[in-house]
Amino acid sequence: MHFTKAAATGLAVLVGLASAHPGHDIAQEAAERREFLANAKRTDLSHCAEKLRARGIEAKNIARRKAQVEEARRKRNIKKRDIGDVLAKSHNKTSLGYTPNTDSATLFAGINSCILSPEVTQGPYYVAGEYVRENLIEDQEGVELLVDYQVIDVDTCDPVPNVYLEAWACNATGVYGGVIAGGNGDTADASNIHNTWLRGIQPTDEDGVARFQTIFPGHYTGRTAHIHIMVHTNATLQPNQTLGHDNYASHIGQAYFDQDLITAVEQTAPYNTNRQPLTTNAQDFLLAQGSAGAVDPVMEYTLLGDSVEDGLFAWLSFGIDTSVSNKINPAVYLGEEGGVANPNPGFGGPGGPGGPPGGWTPPPGWTPPPGFPLEENEEVEA
């Protein structure tokens, strides 16, 4: 568990019509994702499995992931688990008969994957000018999460090296750093626009892999725990260790987690101080829509120790079309003096409508999350 002396962030949540944040246009995001999935030739990487195995990529994935887990345990003085209890969820490779004593070829061999959408909108609260760095934690408290993302060309089934993968997420109490908008924490805290925590960029190596050290994300109204992912295929690293402000995104997506894991994390501090209504995976319609067919955007993971407090190692592969690149219109520009709000933001900033998109059909068994929808300007007390 990652703790600091920083006090937990206070929450004062002002929720508009069913919006996860008033600046988060879920309708537009969901509509574009639905259109992409309906027209995409491929929605996962199952067709690449044999080629990746034949080229030795699977073996390298196994060795790399094993080494990362062993190094993380060594640094944290965590001994390998020897319990063999079986949990319910298949993405937890610590369970279902697996333990960290399980042969690494079995533990890390899966190609759990989804195809990132070539969208022109970048999701909620995108900030341009974030730093190229591996450790995103800064002063944020929560369950430490080590992630291993792999980018695969969906057409050639080859790893994609030398591109930049950007990740951002809310903190343990459901607040995004770097933006000020209704529904995102304390709107009176003008300093939040300068925050850079839980945001960062990493280049992919020869195996198409980018790694981050972060914390497990919390939840906010209308959304389950998730991490936003963006791939830049034509970016140039600037002297200030950013990609600059005039950059392009090739693909955009979100990574999710098993509900059992979310439940376990939510019982720990400071997640258990979050007073925003909890949305489960089953209630998150973006996850339901994004998981159609063979798509599986849920990260596989293993516990570093005997409980979530000891930290997690998670991995997921993304398929992209390397020919796609779109201009980004962020909510905020981060510069030397801090963050500056974009006066004409795209989908990355405040002002977008919320709620399920028109024509969206809920999957069987789907029920709205608590407080979804709420009446306009209904306030949820922290």
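Here are a few exercises, with worked solutions, on the predicted model shown above.

**Exercise 1. Get the overall picture**

Work out how many helices and strands the protein has, and what share of its residues is buried.

*Solution.* Start with the count of elements: the protein has 16 strands and six helices. Next, take burial, where a residue has to fall under 20% relative accessible area. Of the 382 residues, 57% make that cut. Then look at the outside: the accessible surface is about 14900 Å², and carbon and sulfur atoms own 51% of that. Finally, check the contacts between residues at least 6 apart in sequence: 81% of them link residues at least 24 apart.

**Exercise 2. Decide where to trust the model**

Find which strands have the lowest and highest confidence, and say how to treat the stretches where pLDDT stays under 50.

*Solution.* Step one is the average: pLDDT comes out at 75 for the protein, with 65% of the residues scoring at least 70. Step two is the extremes. Strand β1 (residues 13–15) sits at the bottom with a mean of 26, while β6 sits at the top with 98. Step three is the weak stretches. Residues 348–360 stay under 50, although the model gives them 43 contacts beyond four places in sequence. Residues 373–382 stay under 50 too, with 24 such contacts in the model. So how do you handle those contacts? Coordinates predicted with low pLDDT shouldn't be read in detail.

**Exercise 3. Walk across the four-stranded sheet**

Put the strands of the four-stranded open sheet in order, then explain why β6 and β10 each have a side without a neighbour.

*Solution.* Going across, you meet β6, β5, β8 and β10, with antiparallel pairing. β6 (199–203) and β10 (251–256) are the edge strands; each has a single partner, so one side of each is left without a neighbour in the sheet. From one strand to the next, the twist averages 25 degrees. Now zoom in on one pair: β8 (residues 226–232) and β10 run antiparallel and are joined by six bridges. To find one of them on screen, click Ile227 and look for its bridge partner in β10, Ala255.

**Exercise 4. Do it again with three strands**

For the open sheet containing β3, β14 and β15, name the kind of pairing and the edge strands.

*Solution.* The order is β3-β14-β15, and the pairing is mixed. β3 (127–128) and β15 (338–341) take the edges with a single partner strand each, so each has one side lacking a neighbour in the sheet. Next, follow β14 (residues 332–335) to β15: four bridges connect them, and they run antiparallel. Tyr333 makes a handy marker here, since you can trace it to its bridge partner Val340 in β15.

Key: Residues numbered from 1 in each chain as written. Predicted model: local features only at pLDDT ≥ 70, side-chain atom pairs only at ≥ 80, totals over all residues. Heavy atoms only, no water. Pairing = 2+ DSSP bridges. Helix = DSSP H or I, 4+ residues; strand = E, 2+ residues; numbered from the N terminus. Axes fitted to C-alpha atoms, helices over the stretch in contact; angles between N-to-C directions. pLDDT = per-residue confidence, 0-100. Contact = heavy atoms within 4.5 Å. Buried < 20%, exposed > 50% of the residue type's maximum accessible area, 1.4 Å probe, protein only. Areas by Shrake-Rupley, 256 points an atom, 1.4 Å probe, with all protein chains shown as cover.
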